[in-house]
Amino acid sequence: MNSGNEPKNRPETLAARALGWIDPATGAVSPPVQPSTTYARGPDYKLLTPHIYARPESAAYDQPEALLARLENGAAAALFASGMAATTAVFQALSPGDHVICQEDIYFNLPKWLREWARPWGLGVSFVPTGNLEAIRKAVQPNQTRLVWIETPANPTWTVTDIAAAAEIAHHAGALLAVDSTAASPVLTRPIELGADLAMHSATKYLNGHSDVLAGALVTARDDAFWQRIKTNRAMMGGVLGTFESWLLLRGMRTLHLRVRQQSQSALAIARHFQNHPKLAGVNYPGLENDPGHEVAKRQMQGGFGGMLSLRVKGGAAAALAFVSRLQLFVRATSLGGVESLIEHRGSIEGPDSPTPQDLLRAVAASLSPQWPPVADAHGSPPPDH
Ligand SMILES: Cc1ncc(COP(=O)(O)O)c(C=O)c1O
């Protein structure tokens, strides 16, 4: 599928040109949607390409996987039907009796799945507070811990974990480090360059970027036996990504850098504006100089601190919900990474066991105009929305 004349230059150019693919038959600059589920053999019964059948390895994945592997500076990438499918594939490649360490206040479905499914299946799981390297160090069981899972910045508190330091701790104990890098995207952070073994994305978010594809992705530092186990698991379990979704994902990735940079600027402007607001108890955003994760974020995030921030509203859940009810442009909806500005009372979706503070509103800064913040109205207070 690849023309072989990839430009050896900047990641944004590689992404915008989808690695420089030109259709050899038509000269088309956009790849076709490739829905075939099976692939032909020649008269000698040899395969014409490495593809046999779409469940183990669809040809529709070639281009987006190659692009993502390049953007993350990894050895290979694999697409999945969702971010959770990509995540669970990593844990399923381990064996019952293995021990893993997972940060606890991260995207809430993973700790829930580990408690409800992975532990009964036989994995030993230790949860540690997000961002706390000392806790990871203490939880590691030499020769027993196989995997350390972190998420940075972590959804929805945007706590930052030092990837290079976490990799050192994991490797010292003989474990792998996997990083959920959904919120940073390869534009801002490339975990493999910092020592991680695996980077994971809910491609539903920034990679696709248009709130119209559910997808997940893993990128590996090495094409080794553990990676092949993950790939085999994907092929055999079979809950794979559809071909049209993978085409949409590639199209979305072509504008990734423009979107993430603008969204990071928007988030920083909003965070600064609300930083000392009298009706807020705080703003969580690693781009703010006084944020506890700022120094590490400055080291491991380049070109911005991400498009996500959280506002802590004085007065708890009731005040937070009253605040969101007045918004006009921010859509009250879950998810992130699309071109819409969204806002969500995170405690409502995570349920009664949620560790997320009830006063927390998670905001997705997307469609911010360059004129923001808006001019104050006649009473001196800015409108509630942009
Ligand atoms: C940080 C993070 N990781 C993983 C996931 C799971 O991704 P998906 O919904 O694509 O399964 C999400 C979903 O919101 C997320 O925010």
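In this predicted model, the side chain of S202 has an N or O atom 2.9 Å from an oxygen atom of the ligand. T204 also takes part, with a polar side-chain atom 2.6 Å from an oxygen atom of the ligand. At G83 the backbone is involved: one of its polar atoms lies 2.9 Å from a ligand oxygen. The ligand taken alone exposes 390 Å², and the protein buries 91% of that. In total, 13 residues surround the ligand, and the closest are G83, M84, D180, S202 and T204.

One of these residues, D180, leads on to the next stretch of chain. Strand β5 covers residues 176-180, and S181 sits in the loop between this strand and helix α8, residues 185-188. The relative accessibility of S181 is 0%, so this residue counts as buried. Which residues does S181 contact, leaving aside its neighbours within four places in sequence? They are T152, T189, P191, M200 and H201.

The next topic is charge. Side chains of opposite charge can pair when their charged atoms come close. The structure has 18 salt bridges. One of them joins the side chains of E57 and K231, with 3.2 Å from N to O. E57 belongs to helix α2 (residues 54-57) and K231 to helix α9 (residues 225-237), so this salt bridge ties together parts that are 174 residues apart in sequence. E57 is partly exposed, because its relative accessibility is 24%. K231, in turn, has a relative accessible area of 15% and is buried; the cut-off for buried is under 20%. The pair is also part of a wider arrangement, a network of salt bridges that links E57, E65, K231 and R234.

A second salt bridge is formed within a helix. The side chains of R137 and E134 meet at 2.7 Å, N to O. Why are R137 and E134 separated by about one helical turn? The reason is that they are three residues apart in helix α6, which covers residues 133-139. Both residues can be placed by their accessibility: R137 is partly exposed at 43%, and E134 is partly exposed at 40%.

A third salt bridge connects E289 and R272, whose side chains meet at 3.4 Å, N to O. E289 is in the loop between β8 (280-284) and α12 (294-300), while R272 is in helix α11 (residues 256-274), so the pair ties together parts that are 17 residues apart in sequence. Is each partner buried or exposed? E289 counts as exposed, with 52% relative accessibility, whereas R272 counts as partly exposed, with 44%.

Aromatic rings remain. A pair of aromatic rings is described by the distance of the centres and the angle of the planes. The structure holds four aromatic pairs. In the pair of Y107 and F108 the arrangement is edge-to-face, with 5.5 Å centre to centre and 80° between the planes. Y107 is partly exposed at 27% relative accessibility, whereas F108 is buried at 18%. F244 and W247 form a stacked pair, with 5.9 Å between centres and 10° between the planes. These two residues lie three residues apart in helix α10 (residues 243-253), so about one helical turn separates them. F244 has a relative accessibility of 43% and counts as partly exposed; W247 is partly exposed too, at 22%. Elsewhere, ring pairs link F91, W113 and W149 into a cluster.

Conventions
Residues numbered from 1 in each chain as written. Predicted model: local features only at pLDDT ≥ 70, side-chain atom pairs only at ≥ 80, totals over all residues. Heavy atoms only, no water. Helix = DSSP H or I, 4+ residues; strand = E, 2+ residues; numbered from the N terminus. Buried < 20%, exposed > 50% of the residue type's maximum accessible area, 1.4 Å probe, protein only. Contact = heavy atoms within 4.5 Å. Salt bridge = Lys/Arg side-chain N within 4 Å of Asp/Glu carboxyl O. Near = heavy atom within 4 Å. Polar contact = N/O pair within 3.5 Å; in protein donor to acceptor, adjacent residues only side chain to side chain. Areas by Shrake-Rupley, 256 points an atom, 1.4 Å probe, with all protein chains shown as cover. Phe/Tyr/Trp six-rings, centres within 6.5 Å; stacked < 30°, edge-to-face > 60°.
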